[in-house]
Amino acid sequence: RRDCRALGSQLFGQGTEKAAVSGRMRSMQRGFARLSQLRYKVKADDLNLSDFVAAQVRSPASESAPASASSLVAHIPGIASSLPDGALAETSIGDLPASHLRSAVDWLTDRFKRQHTYLRISLTERCSLRCVYCMPPEGVKLTKEERLLRPNEIFRIASVLVGAGVDKIRLTGGEPTVRPDLVNVVESLNGLRPQGLRQIAMTTNGIALERQLPKLRNGGLDKLNLSLDTLDRQKFRDLTRRDGLAKVLRAIDAAIDAGYTPLKVNCVIMRGTNEDEIFDFAEMAMRKPIDVRFIEYMPFDDNGWSQGLMIPSSELLLRLRTRWPMLAKVETDAHDVARTYAAPGGVGSVSFVSSMTEPFCGGCNRIR
């Protein structure tokens, strides 16, 4: 603070305009505030200073310039020596090949030794449905448009994280298909495959999917998760406060025809609401290349959650085995949040996401 006051006096003495002096002083004061927050964080979370990357403070004139690799990664063994002499200072962090970052350091390995390779990007808070377990009837207070990520910002974040080891990106919402530039976002992310991106996925309610599917497929969308909690039209109206079941069912068939197999169908099961449909959903999975994922009902603000409404996955599995006693567990990726089962002769599978009764945080590899 003494330095801040001394700087102000010095600049005034040099004839610097008052507005410019005030701007410099405000910038320094913000720095003090950030430093205080960092000190508190280190103390509260018992962090080590090695958890943080040292970076040089840039002047306001260079604020819009991309960070140089030298200021961010020069201290990491292997990167500086892998580039030609003098190249590090001229290299943007976003321009470093993924191999340089991956071979040099586990950038996205956290303090629990979990390596994060899966990025989830929420494109919007808006949604075309009003599901009772997710959103109040009047909707939610929306973030101002200027606070949302623009396409170039989404690409910038994704490119840096892909360079640091992310190989899968999922687009979520709200409902991503209500965003008018969705196809452009997918196409831009598709350009990151040479840098190491392996998969682009999306979670959708399916209402507007059928008409957008060809462009999304051509743009590079690899995987789909589709949310559907009932196969009954009236119950769909009650749960979502909209009449859209026919559109969702058409979207499922269109997605399968487009090659999105196995198609993951997310189904939140609530006691006394749709638990009687688990056999219908499982039957659909037996006939089609679908992985029906039964999800335990989770509490959100004002969604009326209670322990009595939540059905444990173990109970659902026991019920399904009364009809398909040969349901057997299928080996899946270690990071999968669902436990998957298949029956002999079945085309698809059923899975269980036990977010309430069997937490899976230990295997989480996601960044949101």
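**View 1. E315, at a relative accessible area of 23%, is partly exposed, and its side chain meets that of R319 in a salt bridge (2.6 Å, N to O).** Welcome to a predicted model, in which local features need pLDDT of at least 70 and side-chain atom pairs count only at pLDDT 80 or more, while totals for chains, interfaces and linings use all residues. Residues are numbered from 1 along each chain as its sequence is written, and side-chain values use heavy atoms, with hydrogens and water left out. A salt bridge here is a side-chain nitrogen of Lys or Arg within 4 Å of a carboxyl oxygen of Asp or Glu. Buried stands for under 20% relative accessible area, exposed for over 50%, and partly exposed for what lies in between (1.4 Å probe, protein chains only). R319 is also partly exposed, with 24% relative accessibility. Both residues sit in helix α12 (residues 313–321), four residues apart, about one turn of the helix. An α-helix has 3.6 residues a turn, so residues three or four places apart point the same way. The pair belongs to a network of salt bridges that links R271, E275, E315 and R319.

**View 2. The whole protein sets the scene for the close-ups, with twelve helices and ten strands.** Helices (H or I, at least four residues) and strands (E, at least two) are DSSP runs, numbered from the N terminus. Of the 368 residues, 40% count as buried. Among contacts (heavy atoms within 4.5 Å), those between residues 24 or more positions apart make up 66% of the ones with a separation of 6 or more. The protein exposes about 20600 Å², of which carbon and sulfur atoms supply 52%; the areas come from the Shrake-Rupley method with a 1.4 Å probe, and for residues only the protein chains shown count as cover.

**View 3. Helix α8 (residues 209–219) has L209, Q212, L213, L216 and G219 buried.** Seen down the helix axis, these buried residues fall within an arc of 135°, so they line one face of α8; the arc is that of the directions from the axis to the C-beta atoms. They pack against α7 (182–190), β3 (199–204), β4 (223–227) and α10. Turn to the other side of α8 and you meet R211, K215 and N218, which are exposed. After the helix comes G220, with a positive phi near 120°.

**View 4. Two salt bridges involve residues of α10: R250 with E210, and D253 with K288.** The side chains of R250 and E210 meet at 3.2 Å, N to O. R250 lies in α10 and E210 in α8, so this pair ties together parts that are 40 residues apart in sequence. R250 is partly exposed at 41%, and E210 is partly exposed at 37%. K288 and D253 meet at 3.0 Å, N to O. K288 belongs to the loop between α11 and β6 (290–296), and D253 to helix α10, so their bridge joins parts that are 35 residues apart in sequence. K288 is partly exposed at 23%, as is D253 at 35%. A search of the whole structure finds 15 salt bridges.

**View 5. In helix α9 (residues 233–240), K235, F236, L239 and T240 are buried.** They cover an arc of only 115° around the axis, which puts them on the same side of α9. The buried residues of α9 pack against α10 (245–257). At the start of the helix, a side-chain oxygen of D232 comes within 3.2 Å of the backbone nitrogen of Q234. Just after α9, R241 takes a positive phi of about 60°.

**View 6. N274 sits in the loop between β5 (263–269) and α11 (278–287).** Its relative accessibility is 0%, and it counts as buried. Leaving aside neighbours within four places in sequence, N274 is in contact with D229, K235, C267, V268 and I269. K235 is also one of the buried residues of α9 shown in View 5.

**View 7. The structure holds zero disulfides, a disulfide being a pair of cysteine sulfur atoms within 2.5 Å.** For C127, the closest cysteine sulfur is in C131 at 6.2 Å, too far for a bond. For C361, the closest is in C364 at 6.9 Å, again too far. C127 is partly exposed at 23%, whereas C361 is exposed at 52%.

Terms used
Polar contact = N/O pair within 3.5 Å; in protein donor to acceptor, adjacent residues only side chain to side chain.
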